[in-house]
Amino acid sequence: MDTPRAAAWGLVALAGAAAATAVAAPLYAHPGGPALAADLNHPVLLTGLAVLALAGAALLRSRRPDVRRAAGAGLAGAVVLGVLAVPAYGVVTDPMPVREWDVPAPDGSARRLVVERTSALTDPVWRIHVDAGTFPTARRWPVAQYRADPEFDFTKGVLEAYWPDPGHVRIIDLDHGHHDLRIAPDGRPLDRLDW
């Protein structure tokens with residue numbers, strides 16, 4: 001078996017998948033679109049992965065043995081660094097995951113209220129959405145998003161989030177204000193949360 005050739009074709013396939021995802025995810029990341037597309041909507045990261053995979057494939061297909069050996073060593077190192085970078089990426093993009101909720105609807109339907117507080121080491125961004133369905137076909141319906149402004153208001157954020165009944169979600173903000181929002185059976189919010 002020709003290992004460098006098989007690895008090169010694997011890298012070409014990886015590059016194609018990353019490029020296709022980089023193009024398709026933004027097209028489908030809209031209200032009511034697939035939750036998977038919203039989660040994979042990182043076109044810069046995916047494009048960089050595609051370019052690196054194509055460069056690695058080209059180096060592995062070189063006619064010079066020393067270039068192929070160096071490319072193989074570089075590929076092995078990139079895999080090790082990639083495995084180590086996954087937890088680091090999670091820390092950098094969301095260093096405070098303690099304020100997250102993923103609450104299933106009380107009626108047993110495949111709807112979940114999801115509250116995320118993300119921060120790339122900057123001011124927090126709160127994202128609230130309802131995911132309807134099961135993985136990988138779940139649909140995402142945004143309910144609200146808020147970016148804190150440290151100069152003006154620290155009270156906007158989520159203290160608690162839950163379903164008081166199957167047709168409503170309740171968001172309690174950091175100022176202890178209650179926001180009851182109606183949710184359709186398909187997960188679509190009927191009310192908007194204006195902070």
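## Overall architecture

From the N terminus on, the elements of the chain run α-β-α-α-α-β-β-β-β-β-β-β. This order comes from a predicted model. The secondary structure comes to 4 helices and 8 strands.

The chain has 195 residues, and buried residues make up 30% of them. About 11,600 Å² of the chain is exposed, with carbon and sulfur atoms supplying 64% of that area. Of the contacts between residues at least 6 apart in sequence, 43% join residues that are at least 24 apart.

## Helix H1

Helix H1 covers residues 3–28, which is 26 residues. From its first C-alpha to its last, helix H1 reaches 37 Å, close to the 38 Å expected at 1.5 Å a residue.

The buried residues of H1 are Ala 8, Leu 11, Ala 15, Ala 18, Ala 22 and Ala 25.

## Salt bridges

Side chains of opposite charge can pair when their charged atoms come close. In this chain the count comes to 8 salt bridges. One of them joins the side chains of Arg 64 and Asp 66, with an N to O distance of 3.6 Å. Arg 64 is exposed, at a relative accessible area of 51%. That value puts Arg 64 in the exposed class because the class takes residues over 50%. Its partner Asp 66 counts as partly exposed, at 40% relative accessibility.

Another salt bridge is formed by the side chains of Asp 102 and Arg 112, at 2.8 Å from N to O. Asp 102 lies in strand S2 (residues 101–104) and Arg 112 in strand S3 (residues 111–118), so this pair ties together parts that are 10 residues apart in sequence. Both residues of the pair fall in the partly exposed class: Asp 102 has a relative accessible area of 47%, and Arg 112 has 29% relative accessibility.

## A shared arginine

Arg 112 also meets Asp 131 in a salt bridge, here at 3.4 Å from N to O. This pair links distant parts of the chain, with Asp 131 in strand S4 and Arg 112 in strand S3, 19 residues apart. Asp 131 is buried, with a relative accessible area of 3%. The figure for Asp 131 meets the definition of buried because that class holds residues under 20%.

Salt bridges that share partners join Asp 102, Arg 112, Asp 131 and Arg 140 into one network. Within this network, Arg 112 pairs with Asp 102 and with Asp 131.

## Backbone features in two loops

Most residues other than glycine have a negative phi, and most peptide bonds are trans. Two places in the chain can be read against that background.

The peptide bond that joins Phe 135 and Pro 136 is cis, with omega at about 5°. Pro 136 is placed in the loop between strand S4 (125–132) and strand S5 (139–147). Strand S4 is also the strand that holds Asp 131 of the salt-bridge network.

His 176 is not a glycine, yet its phi is positive, at about 65°. This residue is found in the loop between strand S7 (168–173) and strand S8 (178–182). His 176 counts as exposed, at 55% relative accessibility. The cut-off for the exposed class is over 50%, which is why His 176 belongs there.

Notes
Residues are numbered from 1 along each chain as its sequence is written. This is a predicted model: local features need pLDDT of at least 70, side-chain atom pairs count only at pLDDT 80 or more; totals for chains, interfaces and linings use all residues. Side-chain values use heavy atoms; hydrogens and water are left out. Helices (H or I, at least four residues) and strands (E, at least two) are DSSP runs, numbered from the N terminus. Buried means under 20% relative accessible area, exposed over 50%, partly exposed in between (1.4 Å probe, protein chains only). Contact means heavy atoms within 4.5 Å. Accessible areas come from the Shrake-Rupley method with a 1.4 Å probe; for residues, only the protein chains shown count as cover. A salt bridge is a side-chain nitrogen of Lys or Arg within 4 Å of a carboxyl oxygen of Asp or Glu. The expected span of a helix is 1.5 Å times one less than its number of residues.
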